[in-house]
Amino acid sequence: MKNELKFSLNPKKCSEAYYVEGMYYNNPSVSQKLYSLCRKYFDDNYRGVFFVTDEYKMEIFQNAFIKLWENIEHRRIYVEDGVLKGKNGLPFTSSLTTYFMGIAKNMQLEWAREHPINKEIEEENERAVRKGGYAIYESNGKDVQLEIIADVIAHMPTRCN
């Protein structure tokens, strides 16, 4: 039944509302445009926010877009009188792309909890540090930062020291 409904919004006037309504009514053209918009925004802004490989970056993007779509489909995000609304029926205080990036950030945090840092990488980093002549410090109640600084200064060339 919802596929039969028509909507008409001026995309230049209220583009975010246009995208949300188009997604809700399963308009493939609008869905593709929103996907492209989110993809471009994500690619332009993910550096400095997500610290994962490109493979996992795309997994996070895909999962975040699916979540955005589900939120629109279940009317957690909707348009009322041309205004984009969300939780508790309140108007959005951010852009749709910023909201999408919030979802992506939550997806990245979930991913990080499920995929702890690889132990092999940690061990390789420790070997490289030791090879350079530096010690690996464990926090045992002492002032570790001062020990690290002293170690670095001790390994400086004489003229830098």
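This report walks through the fold, the helix packing and a few single residues of one protein chain.

## Overall layout

The model is predicted. The protein chain has 6 helices and 2 strands. Read from the N terminus, the order of elements is α-α-α-β-β-α-α-α. The two strands therefore follow three helices, and three more helices come after them, as the order α-α-α-β-β-α-α-α shows.

The protein chain holds 161 residues, and 27% of them count as buried. Now take the contacts between residues at least 6 apart in sequence. Of these, 49% join residues at least 24 apart.

## Helix H1

Helix H1 spans residues 15-24. How many of the residues of H1 are buried? The count is 8 of 10, and H1 is mostly covered. The buried ones are Ala-17, Tyr-18, Tyr-19, Val-20, Glu-21, Gly-22, Met-23 and Tyr-24.

What do these buried residues pack against? Their partners are H2, H3, H4 and two strands, E1 (78-80) and E2 (83-85). After H1 comes Asn-26, with a positive phi near 55°.

## H2 against H4

Helix H2 covers residues 28-45, and helix H4 covers residues 96-114. Their axes come within 10 Å and cross at roughly 65°. Angles from 65 to 115 degrees count as roughly perpendicular, so H2 is roughly perpendicular to H4. The crossing of H2 past H4 is right-handed.

Which residues meet here? From H2 come Leu-34, Leu-37, Cys-38, Tyr-41, Phe-42 and Asn-45. From H4 come Leu-96, Thr-97, Thr-98, Phe-100, Met-101 and Ala-104. Sorted by class, this contact has 9 nonpolar residues, 3 polar ones and no charged ones.

## H2 against H3

H2 also packs on H3, at an angle of about 135°. Here the axes are 11 Å apart. H2 and H3 are therefore oblique to each other. This crossing, too, is right-handed.

On the H2 side, the contact uses Ser-31, Leu-34, Tyr-35, Cys-38, Arg-39, Phe-42 and Asp-43. On the H3 side, the residues are Lys-57, Met-58, Ile-60, Phe-61, Gln-62, Phe-65, Leu-68 and Ile-72. By class, the contact has 10 nonpolar, 2 polar and 3 charged residues.

Leu-34, Cys-38 and Phe-42 of H2 appear in the contact with H4 and also in the contact with H3.

## The nonpolar core

The largest nonpolar core has 30 residues. Which members touch the most other members? They are Leu-34, Phe-42, Leu-68, Ile-72, Leu-96 and Phe-100. Four helices each supply at least two residues of this core: H1, H2, H3 (54-73) and H4. H4 gives the largest share, 7 residues.

Some names return here. Leu-34 and Phe-42 are in this core, and both also belong to the contact of H2 with H4. Leu-68 and Ile-72 are core members as well, and they lie on the H3 side of the contact with H2.

## Single residues

Ser-31 lies in helix H2. Is Ser-31 buried or exposed? Its relative accessible area is 11%, so Ser-31 is buried. Setting aside neighbours within four places in sequence, Ser-31 is in contact with Met-23 and Phe-65. Met-23 is one of the buried residues of H1, and Phe-65 is part of the H3 side that meets H2.

Glu-59 is found in helix H3. With 36% relative accessibility, Glu-59 counts as partly exposed. Glu-59 and Trp-111 are 52 residues apart along the chain. Their C-alpha atoms are separated by 9.4 Å.

Two loop residues have a positive phi although neither is a glycine. Asp-81 sits in the loop between E1 and E2. Asn-88 sits in the loop between E2 and H4. The table sets out their values.

| Residue | Phi | Relative accessibility |
|---|---|---|
| Asp-81 | about 55° | 78% |
| Asn-88 | about 60° | 68% |

Why does Asp-81 count as exposed? Exposed means over 50% relative accessible area, and Asp-81 is at 78%, so it counts as exposed. Asn-88, at 68%, counts as exposed too.

Note on methods
Residues numbered from 1 in each chain as written. Predicted model: local features only at pLDDT ≥ 70, side-chain atom pairs only at ≥ 80, totals over all residues. Heavy atoms only, no water. Axes fitted to C-alpha atoms, helices over the stretch in contact; angles between N-to-C directions. Parallel < 35°, antiparallel > 145°, perpendicular 65-115°, else oblique. Left-handed = near helix turned anticlockwise from the far one by under 90°. Contact = heavy atoms within 4.5 Å. Nonpolar A, V, L, I, M, F, W, Y, C, P; charged D, E, K, R; others polar. Core = buried A, V, L, I, M, F, W, Y, C linked by side-chain atoms within 4.5 Å. Buried < 20%, exposed > 50% of the residue type's maximum accessible area, 1.4 Å probe, protein only.
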